Amino acid sequence: QTALALNEIEAGIQGYLVSIEGDPTLATMARAHLAGIQSPSQPTTVVTGRFDEALPMVLQAHGPFDLVFLDGHHEEAATVRYWHQIAPHLAPGACVVIDDIEPGLDVRRAWRSICAAHPSAERVDLLKLGVLFVDGEA
């Protein structure tokens, strides 16, 4: 069973998955993989396009979000910009995972900046992944 199915069983809430993929070949592979594991009650959408262009549309069409995994444009400014775009579309208690926050990398500075701006948010720094739990104060 997928995480979506388990969430539906335990919480009684139908979930869905939305992914943005810039590479058309990888997007096709993702769609094929997801089609093989999803049930009709667990819709998935793979949006093909540049993250900068696709993110606003995805946020408007599919929010609010309980879980966001941010893994792209491994640059400080881009990560902070995406955070500011995503934050208004988070559900209370949402979890945001930011990839590639290893010490010395640009995204590490973005992680620290986001955490400093939200001091009451619970967070876990796993050196590669940053996990931030937002409770209505994003």
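**Exercise 1. Find which helix has the lowest mean pLDDT and which the highest.**

Start with the low end: helix H1 (residues 3-11) has the lowest mean pLDDT among the elements, at 68. Helix H4 (residues 76-86) has the highest, at 95. Here pLDDT is the predictor's confidence in each residue, from 0 to 100, and helices (H or I, at least four residues) and strands (E, at least two) are DSSP runs, numbered from the N terminus. For the whole protein, the average is 87, and 86% of the residues score at least 70.

A word on the ground rules: this is a predicted model, where local features need pLDDT of at least 70, side-chain atom pairs count only at pLDDT 80 or more, and totals for chains, interfaces and linings use all residues. Residues are numbered from 1 along each chain as its sequence is written, and side-chain values use heavy atoms, with hydrogens and water left out.

**Exercise 2. Work out the fold pattern along the sequence.**

First, take stock: five helices and six strands. Then read along the sequence, and you get α-β-α-β-α-β-α-β-α-β-β.

**Exercise 3. Is Val 134 buried or exposed, and what is it in contact with?**

Step one: locate Val 134 in strand S6 (residues 129-134). Step two: check its relative accessibility, which is 3%, so Val 134 counts as buried (buried means under 20% relative accessible area, exposed over 50%, partly exposed in between, with a 1.4 Å probe and protein chains only). Step three: leave aside neighbours within four places in sequence, and Val 134 is in contact (heavy atoms within 4.5 Å) with Trp 83, Leu 90, Ala 91, Pro 92, Gly 93 and Ala 94. Leu 90 sits 44 residues away in sequence, with 8.0 Å from C-alpha to C-alpha.
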